[in-house]
Amino acid sequence: SGCYDSYDDNNPDSFYSVYAECFECIYNGEKDGFLSEGNIDLNDMFNAHLSEVSFGNSKSKWEDVSAFYSSWEAFSSCLSFAWVDIYHLNDIREAPSRRIRRLMEDDNRKKRKAAKKERVEEICALVRFVKKRDPRVKAQREKQLRDQAKKEAKGKKDAEERKKNREIAKQEWRIQQELALAEQEATDLDAGRIRLADLDSDDDYDYGGKGKGRKKKKGKRRGKNNKRNDFDSEDIDEVDAPVDVTDTSAAEVENDDTDALEVDEEGNDSTPISDDVDVDDSGSNQPDNDVDEDNDVEYDSMSSEEESESEEEPDSWRCECCRKDFKSASQFENHTKSKKHKEKWKQYEKKLQKEAKKKAVEDLMDEIA
């Protein structure tokens, strides 16, 4: 630090002038040594790029300063360091054997490597020393710290603002949800009142449960005892019409029976009319069973028609062995033809046979017991 007086660019002993000359001397020494070793083309010198960067002054841009320190921090000497050899070329040639010659060469190589390493460490230490005291680097470091502090402060402020906005948005959302909930409750309450009013009315619509809005299937199967009691009014009139005729004829038959009995009491030889004979409108005798049979035929025909109307296709077709339901007969038929169903059916048959054998054995054991 005592080799320079100030940081003034006009002073020849300033920081920038002294170290600019120092680094230039180092590069010239590398170049002269490279040429003295018999090399001609400077482009073959791997640290030739050091000539393209300059140390600069206090007004140099940071990009140029950064490029200078980046190049010199990666310094590597191009010299061979042959002057540190222990054994010279004549000594190696006069070696008694090949093995000794190789040992000499190895010792010289180690010496050169150590000298080069020491040289590179000295130059890198000089670069670190100058960089640490360079006011341009200090100014850039302070600027980076200020920028970093501003960035952190801005990030912290933005985070607080985002947090505040989230809280405000959350509060607004909560208020909106409360209002929407209150409005929905009021709407549901009004809808409930309307539904209650509708349920109190005389309409037959189903407002709840599984049958909501669904019509009952036409022709639903009825019980055996109710088959003949569920006819329409028109059908009942048609069935009752012949019954009236038979009732009148039966009344006439009763009158004839009474007349026959009176004649018998007077001493006539005529016999009474049989109970199994009916009289029609023209006075002819007919059996009562004919009318009953006609009525039964009409009832049976109407009940069979009602049953045929009530019988509908099932809602689904089930395959027990595969435990699957199908919505149409064609799907079920295609399923039964599939390979997977046939395999399942074989397993299902084996299972049924096994269960049948097991049940037969149990029944036999029960009989023995």
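**Why these labels?**

User: What makes Arg112 partly exposed in this model?
Analyst: Arg112 has a relative accessible area of 31%. Buried would need under 20% and exposed over 50%, so Arg112 at 31% lands in between and gets the middle label. Keep in mind that this is a predicted model.

User: And why does Asp85 count as buried?
Analyst: Its relative accessibility is 15%. The cut-off for buried is under 20%, so Asp85 at 15% qualifies.

User: How do you know that Asp85 and Arg112 form a salt bridge?
Analyst: Their closest N and O atoms are 2.6 Å apart. A salt bridge needs the Arg nitrogen within 4 Å of the Asp oxygen, so 2.6 Å passes. The pair also links distant parts of the chain: Asp85 sits in the loop between α2 (62-73) and α3 (89-93), while Arg112 is in helix α4 (residues 98-133), 27 residues away.

User: How far apart along helix α4 are Asp106 and Arg109?
Analyst: They are three residues apart, which means about one helical turn between them. They form a salt bridge, with the closest N and O atoms 2.6 Å apart. Asp106 is partly exposed at 31% relative accessibility, whereas Arg109 counts as exposed at 51%. The line for exposed is over 50%, so Arg109 makes it at 51%.

User: Why is Arg318 with Glu320 still called a salt bridge at 3.7 Å?
Analyst: The limit is within 4 Å, so a closest N to O distance of 3.7 Å is still inside it. Salt bridges with shared partners join Arg318, Glu320 and Asp325 into one network. As for exposure, Arg318 is partly exposed at 38%, and Glu320 is partly exposed too, at 47%. The structure holds eight salt bridges.

User: What makes the Tyr7 and Tyr16 rings edge-to-face?
Analyst: Two checks. The ring centres are 6.4 Å apart, and pairing needs them within 6.5 Å, so they pair. The planes meet at 65°, and edge-to-face needs over 60, so that label fits. Tyr7 is partly exposed at 36% relative accessibility, but Tyr16 is buried at 4%.

User: Then why is Tyr16 with Phe55 called tilted?
Analyst: Their ring centres are 6.4 Å apart, with 45° between the planes. Stacked is under 30 degrees and edge-to-face over 60, so 45° falls under tilted. Tyr16 belongs to helix α1 and Phe55 to the loop between α1 and α2, 39 residues apart. Phe55 has 4% relative accessibility and counts as buried.

User: What sits over the ring of Phe55?
Analyst: The charged end of Arg136, 4.9 Å from the ring centre. The distance limit is within 6 Å, so 4.9 Å satisfies that part of the rule.

User: Which residues touch the most other members of the largest nonpolar core?
Analyst: Phe23, Phe55, Tyr69 and Trp72, out of 25 residues in that core. Elements giving two or more residues are α1 (15-36), α2 and α4, and α1 gives the most, with eight. In general, nonpolar side chains in soluble globular proteins tend to be buried together.

User: What does Trp72 touch, leaving out residues up to four places away in sequence?
Analyst: Phe23, Ile26, Tyr27, Leu50, Val53, Ile123 and Val127. Trp72 is also in an aromatic cluster whose members include Tyr7, Tyr16, Phe23 and Phe55.

Key:
Residues numbered from 1 in each chain as written. Predicted model: local features only at pLDDT ≥ 70, side-chain atom pairs only at ≥ 80, totals over all residues. Heavy atoms only, no water. Salt bridge = Lys/Arg side-chain N within 4 Å of Asp/Glu carboxyl O. Helix = DSSP H or I, 4+ residues; strand = E, 2+ residues; numbered from the N terminus. Buried < 20%, exposed > 50% of the residue type's maximum accessible area, 1.4 Å probe, protein only. Core = buried A, V, L, I, M, F, W, Y, C linked by side-chain atoms within 4.5 Å. Contact = heavy atoms within 4.5 Å. Phe/Tyr/Trp six-rings, centres within 6.5 Å; stacked < 30°, edge-to-face > 60°. Lys NZ or Arg CZ within 6 Å of the ring centre and 35° of its normal.
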